[in-house]
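Reader: Hi! I'm in my first year and still learning to read protein structures. Could you take me through one part of this one closely, and show me how its pieces pack together?

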Amino acid sequence: MSSAAGTPSDCGGHRPWQSYHTAYTNAKAGMEGVDREKVQKVIYEMSKGSKYFENEQKKEAITKLKIEHLRAQCAKLTDNDISHFQKVAEKKILELEASRDLSKIWLHTDMDAFYAAVETLENPSLKGKPLAVGSMSMIATASYEARKFGVRAAMPGFIGCKLCPDLVFVRPNFGRYTHYSGLARKVFQRYDPNFFATSLDEAYLDITEVCSERGITGEEVASELRDAVHQETGLTCSAGVAPNRMIAKVCSDINKPNGQFILPNDRDAVTTFVSTLPIRKIGGIGKVTEQMLHQVLGISTCQEMLQKGAFLCALFSEGSTDFFLSVGLGLGGTETPEHRLRKSMSCERTFSATNDSHLLFEKLDNLAENLADDMQKECLKGRTLTLKLKTAAFEVRTRAATAQNYISSKEDILIYAKKLLKAEMPLSLRLMGLRMSHFSGEKDDSTSPTQKTLDRFFHSSDINSNTNGTNGASCIDVSGGHNDCNDATTKDECSIHDAEKDVSIDQQPSHEENSSVAEGASSVNYDNEAASSSWKVCVSTSRLKFDQRFCSQEKVTQTEKFDELGDLTSSKACASSSKPGQHFWVDGYICSLCGFELPPCFEEERQEHSDFHLAEMLQQEEAVDSTARLSKERYLLAERPCSTSTPTPKKKLKSSKEGKHIPIDSFFLKCNKNS
């Protein structure tokens with residue numbers, strides 16, 4: 001491999017804690033000056049030997065395998081390869097640069113230690129004390145006084161106590177946080193009615209119009225907004241102003257707490273700003289991606305993305321490469337994202353590990369009640385219910401089932417949730433969650449969501465027939481170049497899996513595991529025997545369309561149905577993550593079923609994407625019986641000879657004795673007598 005790529009050696013050796021990286025070993029705002037090695041050593045020593053530690057080691061081993069695989073790929077690159085990919089990278093950079101938009105002014109605002117600040121506001125006696133909102137199991141937020149000791153969010157409380165013996169714990173009160181978040185959002189709405197919030201304490205505002213109408217700068221708007229939030233809520237917030245959302249978020253973190261940073265709408269200012277910016281500061285680049293880029297290519301800053309553009313093009317997918325190069329150029333979103341319909345709704349709870357079935361079902365009951373309340377507040381009804389479980393060994397499992405009708409009540413949710421949980425018992429759990437997806441407004445809604453009306457079915461078939469052009473005979477080699485789906489069938493519908501190869505949601509303890517892919521795995525699976533065998537048919541177009549559709553549907557009927565409650569407890573009736581699934585992320589970014597690309601750190605989006613494919617599969621299975629029956633009837637009708645004469649009344653069928661035909665057994669019996 002060319003020396004340009006670089007392969008930094010792993011640190012650690014006689015100090016193993018130096019190479020032990022978790023979500024809570026990274027510094028947050030307010031942790032400047034903290035002895036990071038001391039913090040890492042404490043975390044390592046207190047985690048060593050635990051189930052969590054073992055799970056982290058497994059994930060680290062998977063990451064190392066990915067890194068070694070990328071290094072091997074990199075080593076195979078010749079000078080000609082690198083020269084070719086350098087030209088590709090330069091072309092991409094020119095195209096991305098041409099898309100740069102400096103006309104917008106974006107503001108990102110982030111409340112300072114929000115949960116802890118709210119608790120201090122409500123209880124002034126906590127002011128100045130190292131405060132953690134959460135429990136000994138998990139810290140949700142740490143005050144700036146606690147961060148000076150290395151305590152931060154996502155850290156177990158017992159580790160926080162080791163780092164800061166005087167740490168004060170307060171239980172979360174989300175009703176209170178929602179109230180103060182609503183007060184802050186009223187202020188945001190004055191400056192951008194279409195602002196969008198990413199959490200209770202963060203929001204993006206397009207202040208271009210405000211600056212233009214009032215003739216003020218982004219810096220003045222940021223100061224004014226921060227003052228207004230403080231007056232309205234009594235809380236402080238920090239702000240970042242930049243030409244796009246990606247950079248604005250980075251800017252809001254620079255002068256925390258209660259500060260702001262303004263980046264002018266100037267190309268040179270933007271490129272200078274990102275040139276020394278660590279890649280981990282960018283949303284979308286998490287721990288695993290950072291390790292891969294640094295240990296394989298020696299990339300630590302955004303500017304180095306551009307310098308190693310040829311290797312990025314050679315090793316990563318096109319979508320990932322475009323993202324990395326955009327980061328190097330300091331490009332981000334400038335248009336207000338379109339309002340998207342909610343794809344799923346979920347709630348989950350972490351608790352001390354327990355195998356008490358009574359307690360687990362009690363927690364499941366509470367989750368179902370919370371989920372039902374949230375859905376009914378937004379007038380939502382869904383069909384696919386996913387149960388998320390995290391075992392005492394930190395193994396994450398997801399199980400899903402689809403209801404016949406759209407549901408939203410606690411009672412209906414519990415029917416399916418209990419069946420899914422019972423199938424996994426006995427089990428020791430430390431986390432449980434429920435997610436509802438496939439809402440009624442996502443697709444064509446009707447009282448019978450899985451069936452088409454007859455006129456729509458025949459109408460769509462007629463359209464497809466016209467699209468094919470001719471109704472004459474055609475000769476098609478299915479094993480050759482014409483192996484794509486017919487017009488009436490989508491690509492997903494052609495990818496029908498056998499019962500043993502059902503699509504399953506992979507285990508997802510973190511986005512690092514999500515991106516693990518077996519080398520050489522195919523991105524799309526075609527299990528249709530007709531497509532894999534070499535056969536030619538010469539038939540009419542209408543009959544070919546039926547054969548392809550009907551064969552595919554016969555395949556689907558072999559898969560397990562999720563609609564019968566009695567089948568939910570079987571191992572095949574639940575989408576199991578413990579068996580090897582067909583859905584995975586190629587190169588850590590590309591969906592194996594549809595090719596959609598998502599960086600590993602977008603954990604929620606990836607989970608929703610997996611749920612979408614699961615719901616799609618379950619829908620297809622439920623629709624098969626009715627569609628197959630209609631298709632077969634239509635085929636039989638089409639095979640009858642057409643006649644323009646007046647239909648004659650049906651004649652009564654003669655028995656075998658009256659007709660000229662005799663049963664086959666009688667025929668052979670007669671032959672034996674004659675001989």
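Author: Happy to; what follows is a walk around one pair of packed helices, with a few strands for company.

Please keep in mind that this is a predicted model. For orientation, the protein has 24 helices and 16 strands, and 46% of its 675 residues are buried. Among the contacts with a separation of 6 or more, 70% are between residues 24 or more positions apart.

Now for the close look. Two packed helices are described by the angle between their axes and the distance between the axes. Try this on helix 2 (residues 51–75) and helix 12 (residues 287–297): their axes come within 10 Å and cross at roughly 40°. Because of that angle, helix 2 counts as oblique to helix 12. The crossing of helix 2 and helix 12 is right-handed.

Which residues of helix 2 and helix 12 make the contact? From helix 2 come Glu-56, Glu-60, Thr-63, Lys-66, Ile-67, Leu-70, Arg-71 and Cys-74. Helix 12 brings Lys-287, Val-288, Gln-291, Met-292, Gln-295, Val-296 and Leu-297. Sorted by character, the residues of this contact are seven nonpolar, three polar and five charged.

Helices can also pack on strands, and there is an example here. Strands in the order 3-2-4 form an open sheet of three, with mixed pairing. Its edges are strand 3 (139–142) and strand 4 (168–170), each of which pairs on one side only. On average, neighbouring strands in this sheet are turned by 30° against each other, direction ignored. Helix 4 (residues 114–122) packs on the sheet and touches strand 2, strand 3 and strand 4. The direction of helix 4 makes about 110° with that of strand 2. Within the sheet, strand 2 (residues 131–134) pairs with strand 3 in the antiparallel sense, over three bridges. If you want a place to start looking, find Ala-132, which stands opposite Ala-142 in strand 3.

One last stop is strand 12 (residues 429–439), where eleven of the eleven residues are buried. Strand 12 runs antiparallel to strand 9 (residues 344–354), joined by eight bridges. Strand 12 also pairs with strand 10 (residues 382–391), again in the antiparallel sense, over nine bridges. A handy landmark is Gly-433 in strand 12: Glu-348 stands opposite Gly-433, and Lys-388 stands opposite Gly-433 too.

Methods: Residues are numbered from 1 along each chain as its sequence is written. This is a predicted model: local features need pLDDT of at least 70, side-chain atom pairs count only at pLDDT 80 or more; totals for chains, interfaces and linings use all residues. Side-chain values use heavy atoms; hydrogens and water are left out. Two strands pair if DSSP finds at least two bridges between them. Helices (H or I, at least four residues) and strands (E, at least two) are DSSP runs, numbered from the N terminus. Axes are lines fitted to C-alpha atoms, for helices over the stretch in contact, and angles run from 0 to 180 degrees between N-to-C directions. Contact means heavy atoms within 4.5 Å. Angles under 35 degrees count as roughly parallel, over 145 as roughly antiparallel, 65 to 115 as roughly perpendicular and the rest as oblique. A crossing is left-handed if the near helix is turned anticlockwise from the far one by less than a right angle, and right-handed if clockwise. Ala, Val, Leu, Ile, Met, Phe, Trp, Tyr, Cys and Pro count as nonpolar, Asp, Glu, Lys and Arg as charged, and the others, Gly among them, as polar. Buried means under 20% relative accessible area, exposed over 50%, partly exposed in between (1.4 Å probe, protein chains only).
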